[in-house]
Structure formats: structure tokens, C-alpha cells
Amino acid sequence: MLQKSKITKAILASLFASTLMTACTIEGDLEEEQGPKGEQGEPGRDGIDGQDGADGQDGVDGQDGLPGVGSSTIGLTRFATVPLGAEVTGAYVTSEGDLFFNVQHPDDTNTTEDHNGDVINRGTVGAVYGINVNKLPMSFASLPVAQTQEEMESVRVAAGEYHVLGQNGDTFDGTLPNGLGVIMDIQGQQKVVETDMPDFNGFIETGTDEGYLYTNWEYIPGGMSRMQLKKNDDNQWDILDVEMIDFSSVHGTAANCFGSVTPWNTPLTSEEWTIDDDNGRTSAGWNTRADSFAQSGLNGYLNGDSVFPNPYRYGYIVEVTDAAGDTPTPVKHFTIGRVEHENSVVMPDERTVYTTQDDTGGLLLKFVADQAQDLSSGTLYAAKLTQDANSNDPLVTGFDVTWVELAHGTNADIEAWVAQFDNIAAEPDSDAYVEKYLTLADVQAWAAGETNYPTIENGGNATTAGMAMDNRVAFIETRQAAKAKGATAEFRKLEGINVNYNRALEAVEGVDMVAGEDVTDAYVYFAISDIDSTMTDGQGDIQLNTRVKDCGGVYRMRLEANYNVSRIEPVLMGATMTSGVSGSMKCNVNEIAQPDNVLVLDDGRIMIGEDGSQTNNTLWLYNPKAAR
């Protein structure tokens, strides 16, 4: 049995405390004075204007110091904060109410020891002991803003106690000799990178209080760990085994970001990297570009296994099959499209998948599988948005959604197309720029219904202009294909997407799943961390103002028959408060700032993790019902 060192404290029964904090306000004296109104009125108003100016200055000072929780949105509770330099990632709640979440890339200068002697200066995977998230009170005190250096360098929770399960580099007494978060090359011989960026967590239950915790490690190349966990007599997790998943059978992965667990109990990990971008560029010319980071990382992983990394092998949703077996096996689902996937979530029908692209000018995608529990064959769609008329305020503006069909495909067919680009040699110093991959001309010909590709080269051999048209464009140049078909490619930093299976089943299919509540409406929630750029440029389908620029927000989509969605509406937005600074530091510390991933609980509340540049990023708990 393996245990993280120094895990000795007994479980906490409860840490709920009642705290009352009030925000200060300055009230002006607005009583009428005696005398002629015409002469006295204007000076009186001038005086009030001056007082208002002082109020504004006091507000900024409060933001820089310790604002009261009274200024927060109704129903918003600061549940946890992470140390300096870190993002909140990996929030996951098991059926028994156990909460896992991670600390991604904390400052390596943090020195404060926690209750078990752990210092949070490496990428950290952890669990909260002493609470059942599925039974949390609907109202409890919000965690105050960290003030001392010790508080700023620690993981703090409003209820329970956070315990470290593992940190990057941990070997667990030699069980994992290369270390947690270490990605080896395709032969498993050479270390390519050790990353401090744990992201998604997903727990595969194998019985009561036992199972496998899967964790993404985000980098290029990417990785994923699996910890076998079992509760001990003190109701704490023992680590029975730990390993890094072998992705060599799928040529490795790139930037494993967030993910989800399917209804049939397998993890989905998202590759958040491709070479195409929002400037209308496909992967054409990848072999002539000096992209030192991605190319060196993938070359280091392949280690001579291939002439040059094939960009069409990365940017997909990867399912880990046999997740609780002796040999977990990754399967890349080319069918769900090739984009910078932040996250995919499968609906309770076990066929419908919604997925988000985390980039500037990104897509919202839907995939419908031909058969339940089988994502290897189906039809890919991209969302087309129509913004509410005469409205551009992110706080109130919604969108109608229609779905543009891109193509039907199978993993086998798409991978065969991808394999045609495996043996293209690198020519970064070549003066003769030759298109070796799909071009915009190919995309446009496909969208126009042409019968032949105009410029495609096959595997770097002689030009095969005039080759018969197929649907490879839809699956391996998905963004440009969707744009060519008229879908909306204007999202900026489209982040995590999530649904609560129990609430969705009850609302859509009438199955009684949520005790004590009649659920008639269920929603798919998603976060946008930065409502800016292509969402605020005054062009295209999305034309919002910059009111919440850099602060972001959370949206929802109501589930309809067959798990379709046709409407996006705002739920919760950040608030810009401080001037003279950039990024999320200008956002009100008592509101969300650059939300990254969302988790919908059985009771309808939402957990929201931040990835902004706030001093201490927050894991929020939000109750949409309280705000009604």
C-alpha cells in the first residue's frame, strides 16, 4: 500500500463557520436646503458630485485591500483558494460526494507547509477530506480573501481539509520511478519533460470507496496518470498503485487539458493543440515552420519513430478504454473533430457529445454517435449562433443556436486519411515553400461541393491535384471546414463544459433521479474565460461589448428532446473593478475572474474553477436558484 507522506490527520466532521462581513458604504446627505431653489439647487448638486467621486476612490481602495463578501453576486460562495501562481483545475465529485481538485503550476518559490508538512510549490493532485459535497448546506460562509503570506501560499477550503495525494516528480517509494507528471518518449526510455500542470481529474469507481483517479498532465507531449485509491479506516484515501498511461499506440498526445467521464465509466482526455489558427491558416506548411516548442516536444517524444511529427495526429478527444483493467488502452476519436479541445461531455443518451475549442475564433461542436457507447462512428456538427436583436451586453445577451452538419465519419476512415501525411520530411530552412498538407483552397472546394481536391499533396509525394473529394477536411481541418460551411467560429477562450447526468435524465427522459426535487429543466453549462477579441470586434455572429473584458463568464444551454440544444444564455459574469492594471487583476475579487472549468452538482449548484491571474485563484460554488 502506498501513501503520500505525512498524511496523518483524522477526518474533520465539519468546518462550517458563521461569518458576517459587511461592505462599507458612504451615504450623502440629500436633504433640501432652505432658500430659492434656483440659486441653491446647482451648488447642492455640485457638492453631491464631489462626494460621488470620493466614493469611487474608496471602492478601488477596497478592491486593493480586503473587500467584504457583501459585494458578491447572490448565491456565489468562495469555496477554496489555491496558492500563489496556481490555477484551479480538475474539480471532480464522486457519487459518494468526495471532491478532488488540483493546483496547477504554483509558484516554485512558495515555502509554507500545510497541515501535513507538504509545500504547494509543485503541480499538486489532492482531495478534500471531511465533507460530502453532495450534502453540503445550501448556504454557508464564504471563505475570506487570503491576506497573510501563509494564507496566500496555501490551499484553503471553506469546509473540510485539503490533502495532497501526489505532486509532480513524486515516485511513491519507487513504484513510479520516473516520477508523477513525467512524460517519457515513445519507447519509454528517455525523459522528455516533467510538467507541473495537472488538469482534469476523473474517478472510475470499482466499488464502494475505491477506484482509479485519472489525471491529465498538460504539456506537449501530454500525459495522464492513474492512481488506484481505496478508503482506509480513517476515511482517507490510500494509494495502492500509480502509473502514467502509455499513449505510444496513438503516437502520443499533445496538451492534455480537461476531460470528463463517460456514462459507461471511461475517461475522455482532450488534446488542446493544433497548428491551425484563427487567421484562416490550415496546417499547410507545418514542416517549413520553426515552431520550436511544439515541434521539439513532439520530436522528443517520437525520438526517431517518425520522420517528422504529423500534425493531423493531434488535436482530438482520446478515450481510455478498459479504464479499470490491467491495461488501460487509449483510443483517439478522430470523429469528434480536430481542434484545440478544452473538454467534451457525453449526454445520458450515450451518443450526443458537446465539445469546446479553447482558442481565439473557436467553435462549439456537437457529435452524435451512430451507436450508444461507441464514439468511433457518427456525425459532426458545428454551432451557428444568432445573437439577440438590439442587445450586446454580456450580462443579458443570449444566442439562438442551429447546427451545421459537417460530415459523417468513422475513426478507421479518418485515420487512414491522417496516415497519408505521416512521412513528410521537415524543411524549416527551405526557400521553396510547398504545400504538403490541406490548404484553404482544398477546404473551400470541399465546402462548395467540388468533386476533386485542387492542391492536396499525398504523403509528401508528387502533387495529386484532382484527387477525388472525400470528407477528410471536416475532421482534420475542422475549424476552417466549419467556417466555410457558415458556422460560428468566433468564441474566445471557450473553456470547460459540463452537465449533471442525474438532472439531465430526469428532465429529458422523466426518470426520477434527484431525490427531493422535481427536475423539469436541465442545462449544459460552459465557461468562457475571456470575452474579448473575436467576441467583441463588432463583426460576425458574436458582437458583445467589452463590459466584462478579461473577467469572463458562465453560460448555459437548456437540454431539449434527444439532448439537443438551441439556445445559449448567460448565467454569471465577472465584474471589472480596478483600473490601471491588465488581465484578470482588474476583476472584482468577490466575483468570478476568468472561469476555466465548471462542474454541475446533483442539487443544481455549479463549481467554477478560475485560471486567471488573481493573487489567489478561487474554486467557487454558485447557486443559480439563489439569484432568481
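Let's start at Arg605, which sits in the loop between strand 28, residues 595-600, and strand 29, residues 606-610. Keep in mind that what we're looking at is a predicted model. So, is Arg605 buried or exposed? Arg605 has a relative accessible area of 2%, so it counts as buried.

What does the side chain of Arg605 pair up with? There's a polar contact of 2.8 Å between the side chains of Arg605 and Asp603. If we skip the neighbours within four places in sequence, Arg605 is also in contact with a stretch that includes Leu136, Pro137, Met138 and Phe140. Then there's Leu599 and Val600, and also Leu621, Tyr622, Asn623 and Pro624, and those are in contact with Arg605 too.

Okay, another loop. Pro106 lies between strand 3, residues 99-104, and strand 4, residues 124-129. This proline is at 5% relative accessibility, and because buried means under 20%, Pro106 counts as buried. Now, how far apart are the C-alpha atoms of Pro106 and Asn121? They're separated by 5.3 Å, with the two positions 15 residues apart along the chain. Asn121 also turns up among the contacts of Pro106, again leaving aside neighbours within four places, along with Ile120, Arg122 and Gly123. Leu84, Gly85 and Ala86 are on that contact list as well.

Next, the cores. The largest nonpolar core has 84 residues. Which residues have the most contacts inside it? Those are Leu165, Met227, Leu229 and Trp273. There's a second core, separate from that one, with 33 residues, and Val345, Phe399, Val524 and Met557 are among them.

Let me go back to Met227 for a second. Beyond four places in sequence, Met227 touches Leu165, Gly166, Phe172 and Leu180, among others. Also touching Met227 are Gly211, Tyr212 and Leu213, and then Ile239, Asp241 and Val242.

Last stop, a sheet. We have an open sheet of four strands, in the order 9-10-11-12, and the pairing is antiparallel. Which strands are at the edges? Strand 9, residues 198-207, and strand 12, residues 237-244, each pair on one side only. From one strand to the next, the twist averages 20°.

Zooming in on one pair: strand 9 and strand 10, residues 210-217, run antiparallel and are joined by seven bridges. As a general reminder, strands of a sheet pair through backbone hydrogen bonds. And if you want a spot to find on screen, look for Pro198, which stands opposite Trp217 in strand 10.

Conventions
Residues are numbered from 1 along each chain as its sequence is written. This is a predicted model: local features need pLDDT of at least 70, side-chain atom pairs count only at pLDDT 80 or more; totals for chains, interfaces and linings use all residues. Side-chain values use heavy atoms; hydrogens and water are left out. A nonpolar core is a set of buried Ala, Val, Leu, Ile, Met, Phe, Trp, Tyr and Cys residues joined through side-chain atoms within 4.5 Å. Buried means under 20% relative accessible area, exposed over 50%, partly exposed in between (1.4 Å probe, protein chains only). Contact means heavy atoms within 4.5 Å. Helices (H or I, at least four residues) and strands (E, at least two) are DSSP runs, numbered from the N terminus. A polar contact is a pair of N or O atoms within 3.5 Å; within protein, one must be able to donate a hydrogen and the other to accept it, and residues adjacent in sequence count only if both atoms are side-chain atoms. Two strands pair if DSSP finds at least two bridges between them. Axes are lines fitted to C-alpha atoms, for helices over the stretch in contact, and angles run from 0 to 180 degrees between N-to-C directions.
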